[in-house]
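Student: Could you take me through one part of this structure up close? I would like to see how a single strand sits among its neighbours.

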Amino acid sequence: MGKVTGFLEIDRQDRKYKPAADRIRHYDEFMIPLSEEATKNQASRCMDCGIPFCHNGCPVNNQIPDWNDLVYHGEWKRALANLHSTNNFPEFTGRICPAPCEASCTLNLQDQPVTIKTIECAIVDRGFNEGWVVPEPPKRKTGRRVAVVGSGPAGLAAAQQLARAGHDVHVFEKNAKAGGLLRYGIPDFKMEKHLIDRRVAQMEAEGVIFHYEVNVGVDVNVRDIVAGHDAVVLAGGAENPRDLPIPGRELRGVHFAMDFLTQQNRRVSGEPLATNEPIFATGKHVVVIGGGDTGSDCIGTSVRHGALSVTQLEIMPEPPVKESKLLTWPDWPLKLRTSSSHDEAGAPRHFSVLTKEFLGKDGVLTGLRCVKVDGKMQEVPDSSFILRADLVLLAMGFVSPIREGLLEQLGVDLDNRGNVAADTRAYNSTREKVFACGDMRRGQSLVVWAIREGRQCAHAVDLHLMGETNLPR
């Protein structure tokens, strides 16, 4: 490493947020980047640890010590090339990835991990600002046609890799724009959508053809897609939300979180809502059921709507504030995580709570009846309580891909969780020349895992088509 003693001399310094009172008035990103000098200093903290566990902590296996060293020495363009060699879209992961690499950092044993995510974002943002990120069209064409169904991070990664290998790639997207949940699920205050647009422009210059508002299996027959292409990649995601089928579920005011978030993202971008039932948190008492990232996004969006109050419920016990490093490191630890949205709302979080019934009057939601549960998920006697609510957002995750249409017509086998059955070596489904990757194959997961699977699936497809491949796994 360039500065062997950097981790001893320099304290961890990460990006900060703009004041909450300012940022809740808009949907723009509010992260304040570090200066170039501060970023170089943080990169110098990457120690010569012998075994860089961050490589394994990162799903795309970023070569983190290498580009940290390059940043420290001011070789930003080489750092960008290194970063892109393992990650097609570091501007996405540099903003929304939970950074399991930092949990695996050796310095995390002292709660001072290298600011890997911040450095990654600085590298790619500088690359775009300097004009270093340019289209990379193939030097030769193979004459093979590949269809990619779905333009989320897995589909985009697979499409870009296959186009660069020389194949004619056609991406079919049911929405008006590319990005999947990157565009329609993740709020703009976490990631602005022009970041997706500039990548799509790059991919189009590399030869990728996007077909928007085409729902394969609904608008076009799957048989025609399969017959017209040499390979088909299923990358449609896991869109079937987990429901809460309890009394009162039919009341007006109970919605899936993704319906709420997607509507707001469409408002910000100026797209039609595609529904006659607008969902607003303005002037309402909001209850978010589910303690993950989607629930956090609902909190931040509700605050920006002007909710009177926001409360979050989680059925699992409250995790510890701090993990035991000797038991968890270098794996991702279970611990209490407080997001920027929690800070904005001051939202109370209630753990070990089971919702028993939605309460209402004249068909409209007025509250919830809840009960506390113990560590075995058994109801605690005499612990029932009522929460006032005008809007409930169900943010309990996703159970599987949508089966109607595409998957039913294809007739591919599904695993015991309802995902498309395919392994992580060949990525091929049980139907000839049909492959699956991302959340459609592995179930609900992180954007960085989707990028990994898209890249690996592209490797498998290229190998299938050509008998050999130079694409990395």
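Tutor: What follows is a close look at strand E15, with two loop residues afterwards. Keep in mind that this model is predicted.

Start with the strand itself. E15 covers residues 391–394. Are its faces buried or exposed? Both are covered. Leu-391 and Leu-393 lie on one side, and they are buried. Val-392 and Leu-394 lie on the other side, and they are buried too. This fits a general pattern. In a regular strand, side chains alternate between the two faces of the sheet.

Now look at the partners. Strand E8, residues 254–256, pairs with E15 in the parallel sense, over 3 bridges. There, His-255 stands opposite Leu-393. Strand E9, residues 285–289, also runs parallel to E15, joined by 4 bridges. Here Val-288 has Leu-393 as its bridge partner. Leu-393 thus appears in both pairings.

Next, compare two loop residues. Ser-429 sits in the loop between helix H18 and strand E17. Its relative accessibility is 6%, so Ser-429 counts as buried, the cut-off being under 20%. Beyond its neighbours within four places in sequence, Ser-429 is in contact with several residues, including Val-412, Val-420 and Phe-435. A polar atom of the Ser-429 side chain also lies 3.2 Å from the backbone nitrogen of Arg-431.

Met-377 sits in another loop, between strands E13 and E14. At 34% relative accessibility, Met-377 counts as partly exposed. Together with Ile-315 and Met-316, Met-377 makes a nonpolar surface patch of about 240 Å².

Methods. Residues numbered from 1 in each chain as written. Predicted model: local features only at pLDDT ≥ 70, side-chain atom pairs only at ≥ 80, totals over all residues. Heavy atoms only, no water. Buried < 20%, exposed > 50% of the residue type's maximum accessible area, 1.4 Å probe, protein only. Pairing = 2+ DSSP bridges. Patch = residues over 30% accessible without salt bridge, like charges linked within 9 Å, V, L, I, M, F, W, Y side chains within 5 Å. Areas by Shrake-Rupley, 256 points an atom, 1.4 Å probe, with all protein chains shown as cover. Salt bridge = Lys/Arg side-chain N within 4 Å of Asp/Glu carboxyl O. Polar contact = N/O pair within 3.5 Å; in protein donor to acceptor, adjacent residues only side chain to side chain. Contact = heavy atoms within 4.5 Å.
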